[in-house]
Amino acid sequence: MAKKVKQRWIVPDGIVPTEMDKRIMEFEARGKIVPTRNLIKTPEQIEGIRKAGVLNTAVLDKVAEKIKAGMSTLDIDKIVYDYTTSHGGIPAPLNYEGFPCSCCTSVNDVVCHGVPADWEILEEGDIINVDCTTIVDGYYADASRMFVIGKTEPSWQRLVDVAWECLKIGEQVCGTPYVFVGDMGNAIAKHAHKNHCTIVRDLCGHGIGLEFHEKPDVEHYGHKGTGMLLVPGMTFTIEPMVNMGHWDVCMDDEDETGWVVLTDDGLPSAQWEHTYLMTENGVEIISH
Ligand code: MF3
Ligand code: CO
Ligand code: CO
């Protein structure tokens, strides 16, 4: 008896399949991972996610304006909380699975999910990722940027730049729809490796919009043609974490919240993130 595979892409009874339905079903018949219909946002949902993106960008712009040496990461958290809530948004990280603050502040060898603290003072030469996610009317947008405090070592500056280039390469691969997450991850990791950097494997990007973290997992490494097919109407993040040394990470055992992720070798890590909408013409950034 033929193995029964549960179909993911369902065309409701009585509905004539569109060109998009047909294309997705062809990929599915070839054994590829296709999205489920609930991952395709409606025009109304997309408008909502865009609004969240506009406020999220304004929050990061406010951080960019204020961030400087001598400030604590908790000062940054306060800026994020005050700006978000006074403009009609909710900072998604706050109380999310026990996360105690409104944004993540990841300094130097902190890979991601750094918890803002009053004792953590920014110094000349530090590199910091500030990661903000904003909820507006129930819709989510997520983005992060690197900030260099004053001037840093050339090799650290290069790491920050390579991480940025990795994000841009991810966007380029998604310049048309019907590409796979693995196509993008493959290109991103190649660029990192060419520049003697590595890609973190234990953490990934994600679908986003109606919830903070949705399907698919967006891995920033892997093989072409693997992972989920990206089709118009999907909203997701790309957020490669790029390490100067080995890709291995570990938890910070001095951190009581259980969130903070460090590089295992203590070398620095950098990351940039945007929220994207896949369209008929490729991805559009909806967090700027
Ligand atoms: N913003 C992070 C991401 O890019 C997630 C942070 S979860 C938190 O997915 F709770 F730490 F905020
Ligand atoms: Co984020
Ligand atoms: Co994210």
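1. In this predicted model, the site of the cobalt ion (ligand 3) is irregular, with angles of 51 to 163 degrees among its six donor atoms. The protein supplies Asp142 (OD), His206 (NE2), Glu239 (OE) and Glu273 (OE), which lie 2.0 to 2.2 Å from the cobalt ion (ligand 3). Along the chain these donor residues follow the spacing D-x63-H-x32-E-x33-E.

2. The cobalt ion (ligand 2) takes its protein donors from Asp131 (OD), Asp131 (OD), Asp142 (OD) and Glu273 (OE), at 2.1 to 2.4 Å. Asp131 thus appears twice in the list of donors. In sequence, the donors of the cobalt ion (ligand 2) are spaced D-x10-D-x130-E.

3. Why is the arrangement around the cobalt ion (ligand 2) irregular? The arrangement is irregular because the six donor atoms around this ion subtend angles of 58 to 169 degrees. For six donors to count as octahedral, opposite donors must be over 155 degrees apart and all others between 65 and 115. The angle of 58 degrees therefore does not fit that scheme.

4. The two metal sites should be read together. The cobalt ion (ligand 2) and the cobalt ion (ligand 3) are 3.2 Å apart, and Asp142 bridges them. Glu273 is also listed among the protein donors of the cobalt ion (ligand 2) and among those of the cobalt ion (ligand 3).

5. Ligand 1 has 14 residues around it, of which Pro93, Asp142, His206, His213 and Glu239 come nearest. Among these, Asp142, His206 and Glu239 are also protein donors of the cobalt ion (ligand 3). The shell around ligand 1 divides into six nonpolar, four polar and four charged residues.

6. Which side chains place an N or O atom at a stated distance from an oxygen atom of ligand 1? For Asp142, the distance between such a side-chain atom and an oxygen atom of ligand 1 is 3.0 Å. For the side chain of His213, the corresponding distance is 2.9 Å. Glu239 likewise has a polar side-chain atom 2.8 Å from an oxygen atom of ligand 1. Taken alone, ligand 1 exposes 330 Å², and the protein buries 97% of that.

7. The location of ligand 1 completes the account. The space that ligand 1 takes is the largest pocket. Asp142 is one of the residues that come nearest to ligand 1, and Asp142 also coordinates both cobalt ions.

How values were computed:
Residues are numbered from 1 along each chain as its sequence is written. Chains are lettered from A and ligands numbered from 1 in the order in which they are written. This is a predicted model: local features need pLDDT of at least 70, side-chain atom pairs count only at pLDDT 80 or more; totals for chains, interfaces and linings use all residues. Side-chain values use heavy atoms; hydrogens and water are left out. A residue is near a molecule or strand if one of its heavy atoms lies within 4 Å of it. A polar contact is a pair of N or O atoms within 3.5 Å; within protein, one must be able to donate a hydrogen and the other to accept it, and residues adjacent in sequence count only if both atoms are side-chain atoms. Accessible areas come from the Shrake-Rupley method with a 1.4 Å probe; for residues, only the protein chains shown count as cover. On a 1 Å grid over the protein atoms alone, a cavity is a set of points where a 1.4 Å probe fits but cannot get out, and a pocket is an open set with protein on both sides within 12 Å along at least five of seven lines; lining residues have an atom within 4 Å of a point. A molecule sits in a cavity or pocket if more than half of its atoms lie within 2 Å of its grid points. Ala, Val, Leu, Ile, Met, Phe, Trp, Tyr, Cys and Pro count as nonpolar, Asp, Glu, Lys and Arg as charged, and the others, Gly among them, as polar. Donors are N, O and S atoms within 2.8 Å of the metal (3.2 Å for Na, K and Ca); water is not among the atoms, so sites may look incomplete. Four donors count as tetrahedral if all angles lie between 85 and 135 degrees; four count as square planar and six as octahedral if opposite donors are over 155 degrees apart and all others between 65 and 115; anything else is irregular.
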